[in-house]
Amino acid sequence: MKSYIAVDIGASSGRLILGQPQDGKIVLQEVHRFSNGFSMHAGHDRWDVDHLIDEIFLGLEKVKQMGINEVKLGIDTWAVDYVLVGADGHKLEDPISYRDKRTHNAIQELTSDLPREYIYEKTGIQFQDFNTLYQLYKENRSLLLKSDKIMMMPDYLGYVLTGNAVTEITNASTTQMLNLRVGLFDKDLLDKVNVSQDQFPRLVESGSILGNVSYKWHKKYDIPEVEVITVATHDTASAVVGTPGKGDRWAFLSSGTWSLLGTELNVPENGLQAFRENYTNEWGAYGTYRFLKNIMGLWVAQCVRHELNDKYSFGELAALADKVKPFEQFIDINDDRFTNPNNMIEELQAYCRETNQKIPTTPGELFQAIYSNLSLFYANELAKLDEILGYHIDTLNIVGGGSNVALMNQLTSTLADVEVIAGPSEATAIGNIMVQMIAAEDVENINAGRRLIAKSFDLKRFRPEKNKYGDILSQYQEFLKNKSKEMV
């Protein structure tokens with residue numbers, strides 16, 4: 001039986017997931033889970049990348065202990081963060097997190113002489129102050145001069161395992177430095193941040209063979225023979241591969257720490273309307289584009305749960321929220337103030353106080369406020385997506401951890417007037433494994449892969465409850481417009 005390992009690392013945790021084909025389905029098993037997070041060090045919030053590498057090998061030792069002697073492996077992580085590597089092949093320092101405050105106002109500074117429209121026309125990528133473009137703009141210049149290579153996080157992990165360096169396109173596109181027309185890093189943008197094309201390893205497509213884990217690691221760890229495949233290394237790209245969408249009018253919502261809402265296109269959409277709505281054209285696997293909006297996600301819920309001393313499970317908190325009336329307050333959940341506040345509960349309460357709204361205090365009230373406002377934001381963005389595309393999205397496929405929140409899924413279905421198909425929750429790991437299976441010629445193509453996914457995992461359906469919430473969405477849209485005018 002063939003075995004595939006998805007190394008799936010998010011902002012708060014990482015996992016090694018074993019995938020094996022059995023009886024015409026994919027069967028998953030979590031082999032190893034470990035914590036992840038950034039901490040303040042040398043003046044910045046940084047990732048402990050050596051910890052991630054150690055945990056990958058500890059997980060592979062567990063795979064070997066299961067009697068598996070040969071595996072294929074793919075790595076996906078979050079986007080935009082990078083590791084600077086010196087001429088000796090070693091990292092110069094621990095990488096800085098995208099949530100670090102160094103890029104505050106970086107967009108305004110960089111676009112003072114490179115207009116936003118100019119950058120968007122080149123890249124089609126939405127403006128977020130943590131994009132790699134702005135991180136490099138704020139990077140230590142002397143450190144950049146010492147850098148032989150700039151590697152995106154999953155590419156660096158693959159490099160450490162195999163000794164081979166590449167830049168995989170789905171993650172590279174999130175840098176806001178790839179040119180849509182020429183398919184390479186844009187020289188004007190590179191010049192603006194004082195880096196050169198040759199500092200990035202060669203660009204490769206998802207599904208490229210990276211190589212075998214180096215012999216030196218076999219001397220240190222008791223691990224199987226491992227062939228590393230460069231999958232769709234941006235976790236959202238893998239999640240979209242793992243989404244069992246059908247037809248031409250489906251959208252996806254990858255619901256985790258972040259919410260990534262959009263659709264899969266064969267050609268980018270970087271016109272004026274997409275620019276104004278700050279939609280992005282991230283490159284996907286197999287010649288596709290992920291036309292999406294990056295929205296605040298369950299990060300808010302994760303922070304609130306932690307500030308409640310992790311007393312409740314997410315299931316318990318959802319049950320408490322279900323007992324509270326929805327839409328008791330309107331919150332722009334995508335406001336920058338919720339990106340990394342000192343205390344999320346206090347920040348949510350301060351927002352409601354400043355806007356003269358009911359202040360949520362109990363765990364149920366806090367989680368109802370989060371879930372109902374995420375649903376409102378999703379419905380609002382789906383309406384914008386309809387307008388840009390010129391047709392109505394019929395089905396929203398929700399994958400990731402948020403697919404388990406029935407309350408939020410039903411609210412979204414009703415508000416947006418779409419059928420919601422929830423699941424699979426492990427879409428990222430599944431998409432990671434699917435790219436490996438296609439590369440190994442065990443699955444014909446992505447369409448066959450999605451049919452196999454739909455067959456293998458339990459999917460839940462939510463249909464709109466007609467006329468249940470009246471004009472609540474239009475009231476929310478008016479609230480956002482008025483808030484925007486006040487900011488101007």
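**Burial, ring pairs and backbone in a predicted model**

Q: Does Y289 count as buried or exposed, judging by its relative accessibility?
A: This is a predicted model, and in it Y289 has 15% relative accessibility. The cut-off for burial is under 20%. Y289 is therefore classed as buried.

Q: What kind of pair do the rings of W283 and Y289 form?
A: W283, at a relative accessible area of 10%, is buried, and Y289 is buried at 15%. Their ring centres are 6.4 Å apart, with the planes at 80°. Planes over 60 degrees apart count as edge-to-face. The pair is therefore edge-to-face.

Q: How many residues apart in sequence are the parts that W47 and W78 tie together?
A: The whole structure holds 21 aromatic pairs. In one of them, W47 and W78 are tilted at 40° between the planes, with 4.3 Å from centre to centre. W47 belongs to strand β5 (residues 44–47), and W78 to the loop between β6 (70–76) and β7 (82–85), so the parts joined by the pair have a sequence separation of 31 residues.

Q: Which residues form one aromatic cluster with W47 and W78?
A: W47 and W78 are both buried. The cluster that holds these two tryptophans has further members. These are F38, Y98, F130 and W258.

Q: With which residues is T236 in contact, leaving aside neighbours within four places in sequence?
A: T236 sits in helix α10, which spans residues 235–241. Its relative accessibility is 3%, so T236 counts as buried. Beyond its neighbours within four places in sequence, T236 has contacts with S254, L260, R290 and L292.

Q: What distance separates the C-alpha atoms of K2 and P21?
A: K2 is in the segment before β1 (4–9) and is partly exposed at 44% relative accessibility. Not counting residues up to four places away in sequence, K2 touches G19, Q20, P21, A440 and D442. K2 and P21 are 19 residues apart along the chain, and their C-alpha atoms are separated by 7.2 Å.

Q: Which peptide bond is cis, with omega near 0°?
A: Most peptide bonds are trans. The exception described here leads into P424, a residue in the loop between β18 (419–422) and α17 (427–439). The cis bond runs from G423 to P424.

Q: What is the phi of D23?
A: D23 lies in the loop between β2 (13–22) and β3 (25–35). At 79% relative accessibility, D23 is exposed. Most residues other than glycine have a negative phi. D23 is not a glycine, yet its phi is positive, at about 55°.

Q: What value is the phi of Y286 near?
A: Y286 is placed in the loop between β15 (280–283) and β16 (289–296). Its relative accessibility of 34% makes Y286 partly exposed. Phi of Y286 is positive although the residue is other than glycine, and is near 60°.

Q: What radius of gyration does the chain have?
A: The chain contains 19 helices and 19 strands, and its C-alpha atoms fill a box of roughly 65 × 55 × 45 Å along the principal axes. For 488 residues, a compact globule would have a radius of gyration near 23 Å. The value for the chain agrees with this, at 22 Å.

Q: What percentage of the residues in the chain is buried?
A: The accessible surface of the chain is about 19,900 Å², and 46% of this belongs to carbon and sulfur atoms. Of the 488 residues, the buried share is 61%.

Note on methods: Residues numbered from 1 in each chain as written. Predicted model: local features only at pLDDT ≥ 70, side-chain atom pairs only at ≥ 80, totals over all residues. Heavy atoms only, no water. Helix = DSSP H or I, 4+ residues; strand = E, 2+ residues; numbered from the N terminus. Rg over C-alpha atoms; globule rule 2.2 N^0.38 Å. Buried < 20%, exposed > 50% of the residue type's maximum accessible area, 1.4 Å probe, protein only. Areas by Shrake-Rupley, 256 points an atom, 1.4 Å probe, with all protein chains shown as cover. Contact = heavy atoms within 4.5 Å. Phe/Tyr/Trp six-rings, centres within 6.5 Å; stacked < 30°, edge-to-face > 60°.
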